Amino acid sequence: MLNIAICDDDALHSRHTAAQISGLDGFAAAKLSLFTGADNLIYAITEDNYAADIAVLDIQMGEMDGISLAKRLNALTPSCRIIFVTSYLAFATEVYSTEHVYFILKSQIDERIGSALEKAVSAIDADRGSGAML
C-alpha cells in the first residue's frame, strides 16, 4: 500500500487533492495523510517515523515553502517521490533545485494528478527493481 502525504496550508485544496487521488483507479487503497504545513510533515517523519512514498506539496505555504520542504525531504527520505502543486507558474523553474517527478498548476490538478502519480509510482518501481529502496 502506498503512503501519500499531502501538504497544503489551504484545507480546501488539500481535501480536493485527496478526493481526486482517492477517485483514481489504483489509488483508492492508498493511505492518504494530510498535513497543514511543512513543520507538521517534518515532525511526522522525524519524530513519528512516518514514511511517505509520495509527497504532494503545495509551494506557497507559511513559514517554510514547498521547495524548501522538498529539499528537506530529499535529505530525510530520498526515496520519497515529490509532486509539486501550486497556483503560480513562476515557480516552474525554481523546483529544479530539488528532486521531484512532477509540477502541476492547481487549476489543472484534476487533469494531471493521475499522470503525476503514475510517474511517481514508475520511479518507485524502478528503484525497487534496482534494489535502491531495499
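Visitor: Which residue forms a salt bridge with Arg-81?

Guide: Side chains of opposite charge can pair when their charged atoms come close. A salt bridge here is a side-chain nitrogen of Lys or Arg within 4 Å of a carboxyl oxygen of Asp or Glu. Arg-81 pairs with Asp-127, their closest N and O atoms being 1.9 Å apart. Arg-81 lies in strand β4 (residues 81–86) and Asp-127 in helix α4, so the bridge ties together parts 46 residues apart in sequence. Helices (H or I, at least four residues) and strands (E, at least two) are DSSP runs, numbered from the N terminus.

This is a predicted model: local features need pLDDT of at least 70, side-chain atom pairs count only at pLDDT 80 or more, and totals for chains, interfaces and linings use all residues. Residues are numbered from 1 along each chain as its sequence is written, and side-chain values use heavy atoms, with hydrogens and water left out.

Visitor: Is Arg-81 buried or exposed?

Guide: Buried means under 20% relative accessible area, exposed over 50%, partly exposed in between (1.4 Å probe, protein chains only). Arg-81 is buried at 14%; Asp-127, at 18%, is buried as well.

Visitor: Which residues do shared salt-bridge partners join into one network?

Guide: Asp-8, Asp-58 and Lys-106. Lys-106 meets Asp-8 at 3.0 Å, N to O, and Asp-58 at 3.4 Å. Lys-106 and Asp-8 are buried, and Asp-58 is buried too.

Visitor: In what order do the five strands form the sheet?

Guide: Strands of a sheet pair through backbone hydrogen bonds, either parallel or antiparallel. Two strands count as paired if DSSP finds at least two bridges between them. The order in this open sheet is β2-β1-β3-β4-β5, with parallel pairing.
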